[in-house]
Amino acid sequence: MLAFGSRGLRARGKVKSRRFFPPFCRVLGQCGIASVYIGDYESLERELCLANNLPLVLVNLVNEDRDDIKPYRFPNDLLRNVTAVFNPHNIAGLVRDKKEANQFFFKHNISVPDHSPDERTNVFSNSRFGTGARAFIIDNFQELDGERYNTQFIDTTVRFKESVYFTCIRLMCIGTYLIRIYIRARDVSENNPSVHSKNTPKDPELLDCLHEKLVATRLEAFRALSARLGHLLGPGFYAHDVLIENKTGQLFLCETGFKFYDDTYEERMSGVVSDRNFLSNISDQETYAGHAASVFVSYCAEKGFF
């Protein structure tokens, strides 16, 4: 596990290392896989020498939005004995820029919101970089700020009882493997179409409704999309955010980024989300981390990294 930033293992917004990695590494150990935390190049070089030609996988604990990603750009001679790098430098640089990522996915035939909207469509306008910034729906094309991330607005609204909600589905993945699905929603009365875990109402009836309407019939589609994205992006711990257009049911990838564990959602929804199935269930962090480790081992074995 490599953490070259000033905050060390405290990868902001990506994982709480002291809670996640002990059970994760415990499962690796049970599979005969040693793990070590590395915080500088000297330690990395030492571990590479000690590996003595054994398979070696690097996992970068990097926040692509906030951290300096340059230290994770390893020279080729350093990587000659490394079998895989998770959350690599080039993908960090890609996904930190929403506009660049949108165009990349479009070129590789992944359905994304149109990045060249015109006056005939409503526009979703967000910050091009960072997360959690305020977003808008703009119906006057002349008011667009070209410095922002502007795309076609995908209408994901769902009516439940007396309210209407913007919705978004988060796919938590390791490489090509889908390991958890989160349903997120935000009341349209908040006038912000950017949907996050912290905005999702703690309403079990709403979440049950959205599960039946948006998730239950699309599990295979979500698995297929996760596999396509994993093949395209390569090894990594990912959170893929997906929009479901409310009239056609078409899936659109709106954002992706590195994520080991979504504390905000799991902590907020503990005791709220019913026990439907493992994919869309809520579990304690130790259980989740242990399962993630088993998926990580399976993925690495499938790819020939071990």
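Here is a chat about a predicted model, its cores, one of its sheets and its empty spaces.

Q: Before we start, what counts in this model, and how are residues numbered?
A: It's a predicted model: local features need pLDDT of at least 70, side-chain atom pairs count only at pLDDT 80 or more, and totals for chains, interfaces and linings use all residues. Residues are numbered from 1 along each chain as its sequence is written, and side-chain values use heavy atoms, with hydrogens and water left out.

Q: Ok, which residues touch the most other members in the largest nonpolar core?
A: F20, F24, F86 and F296 do, out of 88 residues in that core. A nonpolar core here is a set of buried Ala, Val, Leu, Ile, Met, Phe, Trp, Tyr and Cys residues joined through side-chain atoms within 4.5 Å. Buried means under 20% relative accessible area, exposed over 50%, and partly exposed in between (1.4 Å probe, protein chains only).

Q: And which helix gives the largest share of this core?
A: Helix α8, residues 285-303, with nine residues. Helices (H or I, at least four residues) and strands (E, at least two) are DSSP runs, numbered from the N terminus.

Q: What is F24 in contact with?
A: Leaving aside neighbours within four places in sequence, F24 is in contact with M1, F237, A289, A292, A293 and F296. Contact means heavy atoms within 4.5 Å.

Q: What other core lies apart from the largest one?
A: There's another of nine residues, and I154, F166, C168 and F252 are among them.

Q: Switching to strands: what order do they take in the open sheet?
A: Three strands run β4-β3-β5, with antiparallel pairing. Two strands pair if DSSP finds at least two bridges between them.

Q: Why is one side of β4 and β5 left without a neighbour?
A: Those two stand at the edges, each with a single partner strand, so one side of each has no neighbour in the sheet.

Q: How many bridges join β3 to each partner?
A: Three to β4 (residues 136-138), and four to β5 (residues 149-152). V123 stands opposite I138 in β4. Across from β5, F124 faces T151 and N126 faces Y149.

Q: Are the faces of β3 buried or exposed?
A: Both are covered: V123 and S125 on one side, F124 and N126 on the other, are all buried.

Q: Where does V242 sit, and what is it in contact with?
A: V242 is in strand β9, and is buried with a relative accessible area of 0%. Beyond neighbours within four places in sequence, V242 is in contact with C168, I169, L171, L225, L251, F252 and C254.

Q: What about empty space, how many cavities are there of 30 Å³ or more?
A: Three. On a 1 Å grid over the protein atoms alone, a cavity is a set of points where a 1.4 Å probe fits but cannot get out, while a pocket is an open set with protein on both sides within 12 Å along at least five of seven lines; lining residues have an atom within 4 Å of a point. Grid points are joined across faces, edges and corners, and a volume is the space filled by probe spheres set on the points.

Q: Which residues line the second largest cavity?
A: K98, N126, G130, T131, G132, A133, S194, H196 and E255. The space in that cavity is about 40 Å³.

Q: And what's the volume of the largest pocket?
A: About 1000 Å³. Its lining has 49 residues, with T131, R170, H196, D241 and E255 nearest the centre. β10 gives the largest share of that lining, six residues.
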